[in-house]
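Please look over the structure shown here before reading on. The account that follows is meant for a reader who meets it for the first time.

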Amino acid sequence: MRIRPADAKDLDAVAQSYRDLLMHEMEQTGYSNWKFGVFPTMEISHRAHNRQELYVAEVKGRLIGSMILTEKQPKEYKNISWNTASPDEKILVLQVLCVRPQFSGKGCGKSLLRYAGEMAREMGYSAIRCNMWEGNEPAIHVFRQMNFTDAGSGPFRPEGLPEEQDLFMEWDLTGDDRNRY
């Protein structure tokens, strides 16, 4: 598996991976609380790509997952009692982690998280923060396995969606926890 910054040529495949996941969730049990045609969208991936914040995972040239890594913390983060007391410029935020359904459970999500942690450490960040809908138990389980700890829960309003109750999580990068994952 190769993880890298996204190219413009990846944007259609990223949008298709969002659609694949959302169609799968409509047919099976849905955990993300994302809504088809509302969130996430191609526009979100375009904006992230334009800011050089979109990353993709691929196997043999086929996109199997993506994530957004940004320094911009959503306004709701100000209401959370984070475990790591770091200035905003030392925090990296992970958003819209998506793995195509046919690759779920095969380590793609963990690989994306591992990459984010390694990159953040190399760039001098002290923590990675994220949030997800409280009902997304599979993702919460994976994030906890990958060194993220719960920082609290509260209301969050994803772009275009109604307010939801989210779990806010953080990975403290200041310790040496690399052997844990």
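The paragraphs below go from the overall fold to aromatic pairs, a serine in a helix, and the cysteines.

The model is a predicted one. Its chain contains four helices and seven strands, and, read from the N terminus, the elements follow the order β-α-α-β-β-β-α-β-α-β-β. Along the principal axes, the C-alpha atoms occupy a box of roughly 40 × 35 × 30 Å. The radius of gyration of the chain is 15 Å, which agrees with the value near 16 Å that a compact globule of 181 residues would have.

Other totals describe how the chain is packed. Of its 181 residues, 51% count as buried. When contacts between residues at least 6 apart in sequence are considered, 68% of them join residues at least 24 apart. The surface that the chain exposes amounts to about 9300 Å², and 48% of this area is supplied by carbon and sulfur atoms.

The aromatic side chains offer a way into the interior. How many aromatic pairs does a search of the whole structure find? The search finds seven aromatic pairs. One of them joins Tyr55 and Tyr115, whose ring centres are 5.8 Å apart; their planes stand at 50°, so the pair is tilted. Because Tyr55 belongs to strand S2 (residues 54-59) and Tyr115 to helix H3 (residues 108-122), this pair ties together parts that are 60 residues apart in sequence. The partners are covered to unlike degrees: Tyr55 is buried at 9% relative accessibility, whereas Tyr115, at 21%, counts as partly exposed.

Another aromatic pair is formed by Tyr77 and Phe168, and it is edge-to-face, with 5.6 Å from centre to centre and 85° between the planes. This pair, too, links distant parts of the chain, since Tyr77 sits in the loop between strand S3 (62-70) and strand S4 (91-99) and Phe168 in strand S7 (residues 164-172), 91 residues apart. Tyr77 is buried, with a relative accessible area of 3%, and Phe168 is likewise buried, at 1% relative accessibility. Ring pairs also bring in Trp82 and Phe156, so that Tyr77, Trp82, Phe156 and Phe168 are linked into a cluster.

A further buried position is found in a helix. Ser17 is part of helix H1 (residues 11-27), and its relative accessibility of 0% places Ser17 among the buried residues. Apart from neighbours within four places in sequence, Ser17 is in contact with Leu63, Ser66, Cys98 and Arg100.

Cys98, a contact of Ser17, leads to the matter of the cysteines. Why does a search of the whole structure find zero disulfides, when a disulfide needs two cysteine sulfur atoms within 2.5 Å? For Cys98, the closest cysteine sulfur is that of Cys108, at 9.0 Å, and this is too far for a bond. For Cys130, the closest cysteine sulfur is in Cys98, 15 Å away, which is again too far for a bond. Both residues lie under cover: Cys98 is buried with a relative accessible area of 0%, and Cys130 counts as buried at 2% relative accessibility.

Terms used
Residues are numbered from 1 along each chain as its sequence is written. This is a predicted model: local features need pLDDT of at least 70, side-chain atom pairs count only at pLDDT 80 or more; totals for chains, interfaces and linings use all residues. Side-chain values use heavy atoms; hydrogens and water are left out. A disulfide is a pair of cysteine sulfur atoms within 2.5 Å. Buried means under 20% relative accessible area, exposed over 50%, partly exposed in between (1.4 Å probe, protein chains only). Rings of Phe, Tyr and Trp (its six-membered ring) pair if their centres lie within 6.5 Å; planes under 30 degrees apart count as stacked, over 60 as edge-to-face and the rest as tilted. Helices (H or I, at least four residues) and strands (E, at least two) are DSSP runs, numbered from the N terminus. Contact means heavy atoms within 4.5 Å. The radius of gyration is taken over C-alpha atoms; the globule rule is 2.2 Å times the number of residues to the power 0.38. Accessible areas come from the Shrake-Rupley method with a 1.4 Å probe; for residues, only the protein chains shown count as cover.
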